[in-house]
Every structure is written in C-alpha cells, then in structure tokens.
Amino acid sequence: MRETQPDESIGGDLNKNGDLRPSRRNLDRHLLTSSHKIRRQMQVLSQNMAYSAFHPGFIKSHLAQKTRQENLILITHSQSLHSIANIKDDDTVVSRKLELPDLWAEVVGSCDGLVLFINADDEVILVNPITLQQVKIPTSPLAFERSESFTMHAIGYDSLRDDYKVVVLSYLETYNGSRPSYLDTFVDVYSVKTGVWKRIGISPYPFADLDFAYGVFVNEAIHWLSMNSKLDCPYVVIAAFDLANEVFFEIPAPRGIDVGKFLFKKLVVLGGCLCVVDTSSYSGVDVWIMKEYNVSESWTKFSMYFDQCIFKPLCFVGDDEVVSVVEGPRLVVFNLKDGTSRDLVVNGVPALFTDGCIFVESLVSPAFCGN
C-alpha cells in the first residue's frame, strides 16, 4: 500500500488512521495566503470592470441603447444643482443634490449626458451629472469683452469627427437708433476633443432672441431664432448650423405662424424634436413641435393654459403631460388631455427651481478624447 504524504501546501501530521491532520499554524498561514489571493483577484476584476465601463466602445454602446432614461437637472434658488431621475404622476418624486463645488447661474443645454452650464462667475462649465466630472471651457482668444458684446452658447455632437463641440455666436452691442445692430455676428467653435477654438466666420443669420440666449441641438445641428438678411424688411427665421459640415441653413417655420412676431417665441427640444414656443400671452403658450426633422408638413401644435406666465416647457411625462417652468419660478405639470395642471412635488414640497433641462444618463467624459 502506497503511503499517504503530507500536503506540502498546508503541512501537518498523519493521525493513527493515516489521514492528514494539518497543523493549526500552517492552516492559518494557508487561509491567510488564500485570502490575499482572493483580494488581489477582486482588485484586478474591479479594475477591469472600471476600465470596461469607461472604454469608448462601452460608452458608445451604452449611448446607443434605445431605452436611455431622460432625467431633469435643475438649478435651485441657492444656485446648487439637483437631478431628478424619474418623474411620476404622484408625490414620490425625489431629487439628488449634486456635490459640485460651484454656484450655478444658467443651464445652456445638454448632449449625450453632458450638460453645459454658466456659473456665477460667468465661466462656461461642461458637466456629466452622473459621474460628477466637470471641465471649464476656456475663453476663446477671439472673444469680445463680455461687457461690450452679446453672446449665445450651445453644445452639440459632430458624428463625422466624433467630437463634442461648444458653439458661440457673438456680436458687439452697437445700436442703430433704438435697435441693436446685428451685423458681423461671429461664429466660434470649441472642440472638446482637441481643446482648440476655431472661428468659422460671420454668420449670415444673426442671433435675434435676446431673452433666450441658447442654441438648441437637434439632428446634429445648432438652431436659433435669427433675423433674415433683408434689413429693410426684417423678420425672424429658424437658423441652423450643421456641426459636421460647418454650413448654415434655414428650417421652415410652422405654417400659419406670424413670423413678424417671432421675437416673442423660443426654441426648445421636447421628446427629441425641435419646438417653437410662443410665450407672448400671459394666459398660456402655443407649442409647435416638428415631428419629422426639416419637414414643413410635420409641424403640429398643442397649447397649455395657466394663470401665470409660462417660461418654457422642459420635458414630457408619458404621452399626455408636460413639465414646464412657470412664473415664480417653479415647476408645473400640464395635462394636455384634460387641460389640468399641478405643481411638481419634489421631496414632498412644490419644486422651486430657477432653470433646468433634460439629460440622458451616460458615461461620456467632459474631457472627451474620442476613440
């Protein structure tokens, strides 16, 4: 009969039945060594998972999911940031305060989970509210002095170059009588991938809406309300700037709309569609939504009525409700089906926020480097 040998990895003695009896000291040493090995394996696994989560391929596949959840990001009266992950038709909506060391003044817009802000010091900041990463956008070396000029910002994505871009339209505030002069509106583009500013040139469509100074990103283009080039008979058009080809074009306005009163209107995005919002009435607003991009016949209209001024709609809740910023400012949910409205209750109290926009959850870094 072959003799049983002690297990060298543990060590021990044979009992009277010939079975291995490991020594207590060697057994403890073996368990300690195994524990270290398991811990090291878990660390390697965790590092691999973190690398995979922030790998460009994983980030792009995550963005491509059709079920991406739309969230709200909001600025409070104390200039802090809060996000809402899921708006429901009851009083269980909760917000999460974002622990970001800054005072926030305005929300410019969002693209693929990146949100562009202007802080209390007039600095332009790009933020991912999910990862809490933030990057300050440097001032363009070609920029006018802020005290002497008017500036519009926007954020969008150029799929041709796989690059996120900040677009700035600016002009000097010179006046012709009582009207500002819209001549020489310059277009500057900042590449998030390369960290470089570039001047495109002079826009043929000067920015016209002084009270809503943001561009709207839809279908890989930045949109804004603009004065037409016929200064002897000016009226407002929907202008667009293609981020990939860096060319300008016009979007057809809704039929029947009074383009002569376009200065009382705003552009927003609802459900991924370009919208024109008429806020000229204190009793309500009309919202035209372009269901099929750049197709004139696809414009449809809905209305919201309220006893206070409605500033802008933010997002849909289901198929029949719209969350909007109203006078106060606060958030109100309008039911388009029965015409009713209610305060959006967040954390058990009516939501008092000064500004906001929607964003989708993503892992895209504001210090984006592409593939």
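1. F117 is buried, at a relative accessible area of 0%. The model is a predicted one. W104 has 1% relative accessibility, so it too counts as buried, the cut-off being under 20%.

2. These two residues belong together. W104 and F117 make an aromatic pair. The ring centres lie 5.1 Å apart, and the planes stand at 55 degrees. That pair is classed as tilted. W104 sits in strand β6 and F117 in strand β7. They are 13 residues apart, and the pair links distant parts of the chain.

3. A second pair can be read in the same way. Y190 and W197 have ring centres 5.2 Å apart and planes at 50 degrees, so this pair is tilted. Y190 counts as buried at 8% relative accessibility. W197 has a relative accessible area of 18% and is buried because the limit is under 20%.

4. How many aromatic pairs are there? The count comes to 7. There is also an aromatic cluster, formed by W224, F241 and F248.

5. Next, the nonpolar cores. The largest one holds 19 residues. L116, L126, I137, Y164 and V166 have the most contacts inside it. Five elements give it two or more residues each: β6 (104–111), β7 (114–119), β8 (124–128), β10 (149–158) and β11 (163–172).

6. L126 is a good residue to inspect here. Which residues does L126 touch, leaving aside neighbours within four places in sequence? L114, V115 and L116 are among them. So are Q133, Q134, V135 and I137. Further along the chain, L126 is in contact with I155, V192 and P366.

7. Another core lies apart from the largest one. This other core has 17 residues, including V93, L314, A351 and I358.

8. Now look at a sheet. Four strands form an open sheet, in the order β24-β25-β26-β27. Their pairing is antiparallel. Which strands lie at the edges? They are β24 (310–317) and β27 (341–343), each of which pairs on one side only. On average, neighbouring strands of this sheet are turned by 30 degrees against each other, direction ignored.

9. Inside that order, take β25 and β26. Strand β25 covers residues 321–326, and strand β26 covers residues 330–335. The two run antiparallel and are joined by 6 bridges. One residue to trace is V323, whose bridge partner in β26 is V333. In general, strands of a sheet pair through backbone hydrogen bonds.

Definitions and conventions: Residues are numbered from 1 along each chain as its sequence is written. This is a predicted model: local features need pLDDT of at least 70, side-chain atom pairs count only at pLDDT 80 or more; totals for chains, interfaces and linings use all residues. Side-chain values use heavy atoms; hydrogens and water are left out. A nonpolar core is a set of buried Ala, Val, Leu, Ile, Met, Phe, Trp, Tyr and Cys residues joined through side-chain atoms within 4.5 Å. Buried means under 20% relative accessible area, exposed over 50%, partly exposed in between (1.4 Å probe, protein chains only). Contact means heavy atoms within 4.5 Å. Two strands pair if DSSP finds at least two bridges between them. Axes are lines fitted to C-alpha atoms, for helices over the stretch in contact, and angles run from 0 to 180 degrees between N-to-C directions. Rings of Phe, Tyr and Trp (its six-membered ring) pair if their centres lie within 6.5 Å; planes under 30 degrees apart count as stacked, over 60 as edge-to-face and the rest as tilted.
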